[in-house]
Protein chains: 2
Amino acid sequence: LIPDEHPPVFRDVRLEGFADRIPLEEAVQWIDSHSKALDSEEIPVEKAAGRVLAQPFVSPRDMPPTDTAVMDGYALRSAETIGAGSYNPLSFPIQADALVLKPASAFLISSGTPLPQGADAVASFDLVRAENGTIEAIGPVTPGAGVSSKGQEAAEGTPLIGNSRSLRPSDLGLIASFGVKTVNVVRRPRVRLILAGYRPSSGWELGDADAPMLHELIARDGGVIESSAYGVREQSSLAELMARPGADVVLVGGLTGTGPDDVAPLALHAAGTLSVHGIALRPGGSAGMGTAGDAAVILLPGSPLHCLCAYDLLAGRLIRRLGGRSSQLPYRIRQAVVGRKIVSSIGNDELCQVRLVSGEAVPLGSAESGGLVFAARAEGFVLVPAPLEGYAPGTTVSIYMYDEPGDLEGRSK
Amino acid sequence: LIPDEHPPVFRDVRLEGFADRIPLEEAVQWIDSHSKALDSEEIPVEKAAGRVLAQPFVSPRDMPPTDTAVMDGYALRSAETIGAGSYNPLSFPIQADALVLKPASAFLISSGTPLPQGADAVASFDLVRAENGTIEAIGPVTPGAGVSSKGQEAAEGTPLIGNSRSLRPSDLGLIASFGVKTVNVVRRPRVRLILAGYRPSSGWELGDADAPMLHELIARDGGVIESSAYGVREQSSLAELMARPGADVVLVGGLTGTGPDDVAPLALHAAGTLSVHGIALRPGGSAGMGTAGDAAVILLPGSPLHCLCAYDLLAGRLIRRLGGRSSQLPYRIRQAVVGRKIVSSIGNDELCQVRLVSGEAVPLGSAESGGLVFAARAEGFVLVPAPLEGYAPGTTVSIYMYDEPGDLEGRSK
């Protein structure tokens, strides 16, 4: 079933409830069929950290471009030092010419600079005695010592950086070292963020959690905010905003459920096509998706933990894939043994926040009723597939870890 | 030995070589003794992603602040639905008042809003039939169904977010949901970046790798560039720049070695204290450190792979710790079996770039002679302690992985 080819008959679920929800797997198929990597753009190398190359970076020439010293010392011909020793020092006048080494001569050289022609090694300072413009070698120098020869690191044409990962700080250095000033990277997905259910905080009222959270999640996944709008609760205004050109992705937060105000699905039905509404996923089951103009539109539940889960599994995947990134969740995986039963409802994929207690995975509570407190106190989450009613203690599970490698090990909570 | 208490007699190593280098462990001790977490600053919640709290975030009130619906439906008294069934529907008039629930009444409620006083459960739409301002319950409603009770997620005063990790997107959402507008975070270390050995690229000459690389590494570790300077090769100018107030950390790239132009250590000796110069580390052994005014000064080798390694093990650690972060290297660790002998020189801690070939760690080449090509082609690196001469095939080693969780698995190289 490809939902777009067989668009479901539109159904208003308000005050009715979801008659049926599609399996998460089908929702993910929809995402994948709407997320071919975007076109590319040329940007300065120094702005390219974290971006994804449109094509692999291929060595534009030999590296190093010529035989190069990788040690400070004296460049010379190693064959001329055979037999040298502390009882048989061999003399080499130090020449000033950096281009061509005269016979039986030496040249004072700094690491990172080209060898003079004729030299094949660098004698380190502890292998020589220098005096009055002459050095005495007090030991033989190995051919090639202290030298990186032309093309040794990479011959011209060698693929050096793939287009399947984000650029590292050292990649920028490598590219810049070739004298290359710009790189061709996959364009960032332009994301329109409509916080339909936005609640400005006042006094003791709850403040809005989704706005700062979604801004950062989108940035993490490589998206760039095209525009954002807050508190758009009216169906026709929402539809107009969804349909306006200029975005690759429209994310709507809130108004997706079954309450009387939940007009986001109706607005998408009016603006374009509502392909999916209601997913067998907990939390996050009131999510929906479709298209309006050229944009994929994802409807995210307003309740913050539901919003987070639906974002990570659906919207985040879309943004990552459009930007040439992996479909994988952007969390490292760690195996752990279940310490207390993880309860899940059969028929729904469930995302259960867990803490690690003495290395064991302990659920924080029911997937459905918790809020972001659960996510803050959790080390990560476990995905329980729809056919299972949870995991018994002792089972080994995969945890998607929220932590960053730089976080401290012992956490205060 | 705390190097600051016994500052070594200054020694000019130019054209001489390092007589001895201190163990990496002592250099790391120096870093740790100069990196107490900085003072804090108050910043808007929406700017706080990736920052580290100065104090744990404690729930400023009960969450939820009052009994709250977590489901769309009808709020009612569950006890009044006992005995309801499809053959015994029980009627409840729908009231408009959101504050107090009248006896035998129901209130249409949206997820995320407070229950009216008296209600203790939410009946989902599939448990009722609604008509003409009345619902008929066609099944009993469980007490507490669809409700998150006052303080259920967190009682006022509960520590929710520790100060030992960086703030996640969902943390910003949680903090904002309390109506909190600002957070107190550890100040970012202000880093002055002096690229002493900077080489602007022209034609076929090598371009400068260190500038874009160091900018990104500093940002990754939470530092902020206070100022940067390029191509400062003169000793007195370098010393003046090191000593100028305003930075927490001064990073100098280049001119650290034993060549005639390597004046960075002399400049630091003139500007303040050169505490360490020469470390038993490969690559990166010509690194140095000391203080100038209130700033810690780290001298990084100019050769790019040496620069990267010395940055990661020394300068990065300093910046991370000053910013309240972990001393850990910001790379996840993966265990792997050595597939081809990893060669290391006894007496130096060595950082060996490795690829994963069929899951086995294969070294890319000699630690000393490679450039950033090695880092680009590597999946990560292995640290070989000074007493070892490497790792034999079959040994299990820890790899510090360069990849990000969102990178694709199958890499094109």
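Begin by selecting Cys352(A), which is buried, its relative accessible area being 3%. Keep in mind while looking at this residue that the model is predicted, and that chain A carries an average pLDDT of 92, with 94% of its residues scoring at least 70.

From Cys352(A), draw a distance to the closest cysteine sulfur, which belongs to Cys309(A) and lies 9.9 Å away, too far for a bond. Next select Cys307(A), which also counts as buried, because its relative accessibility is 0%. For Cys307(A), too, the closest cysteine sulfur is that of Cys309(A), at 9.3 Å, and this separation is likewise too far for a bond. Since a disulfide requires the two sulfur atoms to be within 2.5 Å, neither the 9.9 Å from Cys352(A) nor the 9.3 Å from Cys307(A) qualifies, and the count over all chains comes to 0 disulfides.

Now bring both chains into view and colour them separately. The predictor assigns the complex an ipTM of 0.93 and a pTM of 0.94. Superposing chain B on chain A takes a turn of 180 degrees and a shift of 0.0 Å along the axis, and leaves an RMSD of 0.0 Å; this is the relation of a two-fold axis. To find a landmark beside that axis, select Arg332(B), whose C-alpha is the one in chain B nearest the axis, 4.2 Å from it.

With the axis located, select the residues of each chain that touch the other: the contact takes 84 residues from chain A and 84 residues from chain B. Of the interface residues of chain B, 100% are also interface residues in chain A, so the copies meet through the same surface. Between them, chain A and chain B bury about 6900 Å², and 59% of this area is on carbon and sulfur atoms.

Which kinds of polar pairing should one look for between chain B and chain A, and how many are there? Residue pairs in polar contact, with both residues at pLDDT 80 or more, number 14 between the two chains, whereas the count of salt bridges between chain B and chain A is 0.

Notes
Residues are numbered from 1 along each chain as its sequence is written. Chains are lettered from A and ligands numbered from 1 in the order in which they are written. This is a predicted model: local features need pLDDT of at least 70, side-chain atom pairs count only at pLDDT 80 or more; totals for chains, interfaces and linings use all residues. Side-chain values use heavy atoms; hydrogens and water are left out. pLDDT is the predictor's confidence in each residue, from 0 to 100. Copies are superposed by least squares on the C-alpha atoms of residues with pLDDT of at least 70 in both. Contact means heavy atoms within 4.5 Å. Buried means under 20% relative accessible area, exposed over 50%, partly exposed in between (1.4 Å probe, protein chains only). Buried area is the accessible area (1.4 Å probe) that two parts lose on being put together, summed over both. A salt bridge is a side-chain nitrogen of Lys or Arg within 4 Å of a carboxyl oxygen of Asp or Glu. A polar contact is a pair of N or O atoms within 3.5 Å; within protein, one must be able to donate a hydrogen and the other to accept it, and residues adjacent in sequence count only if both atoms are side-chain atoms.
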